[in-house]
Amino acid sequence: MSIHPPEPAVAETRTVFDDDIRLHFEVQRLYAVEAQLLDQHRYADWLELLADDLHYWAPVRTNRLRRQQSLADGAPGEVAIFDETKASLSWRIRRFDSGMAWAEDPPSRTRHLITNVTVEAGDQPGEYLAESAFLCYRNRLEREVDVYAGGRTDVLRRTEDGGLLIARRTILLDQNVLLAKNISTFL
């Protein structure tokens, strides 16, 4: 009995499928490393995962009737929880180290959990659209506990050396009123 190579369509499907699995694993790995860096307060290392032209945005959300859901999330240019660039995030991180960030002295303890990751090709070659759900637990001092839950939509960009960088991040918190005293935690 001889073994015949698979039909070209089957071989091509397996290659595309294998590429999808590799990409999905690569994105999940990126998010796991990112969560670990944030939880370990390694913010300078976290910045290395971000593209120089980053836009890190979390719009304010409002409660709306079903027929008005398209108005529930703030638009670009409106008030936002985060509306940051890599430069402004870098400034915030330097402030943590300066001893002048009172909301983070002593520092919070956090745990970032990232799940429900999906990835598809983006609008530009070498870009991918990744969506994920997150849960971030934050504890500070003896009794301050905050839990942030929501979804993220990222544009990931392939670098020249084959890695991935986060070029855009839109964060939609599941709560529209933040109950925390501050939000000095990166999501």
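The exercises below, each with a worked solution, concern a predicted model of one protein chain.

Residues are numbered from 1 along each chain as its sequence is written, and side-chain values use heavy atoms, with hydrogens and water left out. In this predicted model local features need pLDDT of at least 70 and side-chain atom pairs count only at pLDDT 80 or more, while totals for chains, interfaces and linings use all residues.

**Exercise 1. The chain as a whole**

Task: state how many helices and strands the chain has, and in what pattern they follow each other.

Solution. Step 1: take helices (H or I, at least four residues) and strands (E, at least two) as DSSP runs, numbered from the N terminus. The chain then has 3 helices and 6 strands. Step 2: along the sequence they give the pattern α-α-β-β-α-β-β-β-β.

Step 3: turn to burial, where buried means under 20% relative accessible area, exposed over 50%, and partly exposed in between (1.4 Å probe, protein chains only). Of the 187 residues, 34% count as buried. Step 4: compute accessible areas by the Shrake-Rupley method with a 1.4 Å probe; for residues, only the protein chains shown count as cover. The surface of the chain comes to about 11800 Å², and carbon and sulfur atoms hold 54% of that. Step 5: count contacts (heavy atoms within 4.5 Å). Among contacts with a separation of 6 or more, 60% join residues 24 or more positions apart.

**Exercise 2. The nonpolar core and Trp46**

Task: find which elements give two or more residues to the largest nonpolar core, and describe the place of Trp46.

Solution. Step 1: a nonpolar core is a set of buried Ala, Val, Leu, Ile, Met, Phe, Trp, Tyr and Cys residues joined through side-chain atoms within 4.5 Å. The largest one has 34 residues, and Trp46, Tyr56, Leu156, Phe186 and Leu187 have the most contacts inside it. Step 2: two or more residues each come from helices H1 (8-39), H2 (43-47) and H3 (86-98) and from strands S1 (50-59), S4 (127-140), S5 (144-158) and S6 (164-173). H1 gives the largest share, 6 residues. In soluble globular proteins, nonpolar side chains tend to be buried together.

Step 3: Trp46 lies in helix H2 and counts as buried because its relative accessibility is 0%. Step 4: leaving aside neighbours within four places in sequence, Trp46 touches Glu34, Leu37, Leu38, Tyr56, Leu89, Ile93 and Phe186. Step 5: Ala35 is 11 residues from Trp46 in sequence, with 8.9 Å between their C-alpha atoms.

**Exercise 3. The cavity**

Task: count the cavities of 30 Å³ or more, and sort the lining of the largest cavity by class.

Solution. Step 1: on a 1 Å grid over the protein atoms alone, a cavity is a set of points where a 1.4 Å probe fits but cannot get out, and lining residues have an atom within 4 Å of a point. Grid points are joined across faces, edges and corners, and a volume is the space filled by probe spheres set on the points. Step 2: the count is 1 cavity of 30 Å³ or more, and the largest cavity has a volume of about 60 Å³.

Step 3: its lining is made of Leu38, His41, Tyr43, Phe96, Glu104, Ser108, Thr110, His112, Ser184, Thr185 and Phe186. Step 4: count Ala, Val, Leu, Ile, Met, Phe, Trp, Tyr, Cys and Pro as nonpolar, Asp, Glu, Lys and Arg as charged, and the others, Gly among them, as polar. The lining has 4 nonpolar, 6 polar and 1 charged residues.

Step 5: take Thr185, in the segment after S6. Thr185 is buried because its relative accessibility is 5%. Beyond four places in sequence, its contacts are Phe82, Thr110, His112, Cys136, Arg138 and Tyr148.

**Exercise 4. Two arginines of H3**

Task: decide whether Arg92 is buried or exposed, then treat Arg95 likewise.

Solution. Step 1: Arg92 lies in helix H3 and is buried, with a relative accessible area of 15%. Step 2: not counting residues up to four places away, Arg92 touches Phe82, Glu84, Ile183, Ser184 and Phe186. The C-alpha atoms of Arg92 and Ser184 are 9.0 Å apart, although 92 residues separate them along the chain. Step 3: Arg95, also found in helix H3, is partly exposed at 36%. Leaving aside neighbours within four places, Arg95 contacts Met100 and Ala101.

**Exercise 5. Backbone geometry**

Task: name the cis peptide bond from Asp105, and give the phi of His41 and of Asn116.

Solution. Step 1: most residues other than glycine have a negative phi, and most peptide bonds are trans. Step 2: the bond from Asp105 to Pro106 is cis, with omega near 5°; Pro106 sits in the loop between H3 and strand S3 (109-121). Step 3: His41, in the loop between H1 and H2, has a positive phi of about 60° and is partly exposed at 32% relative accessibility. Step 4: Asn116, in strand S3, has a positive phi near 55° and is exposed at 57%.

Key
1 Å grid on protein atoms, 1.4 Å probe; cavity = no way out; pocket = protein on both sides within 12 Å on 5 of 7 lines; lining within 4 Å.
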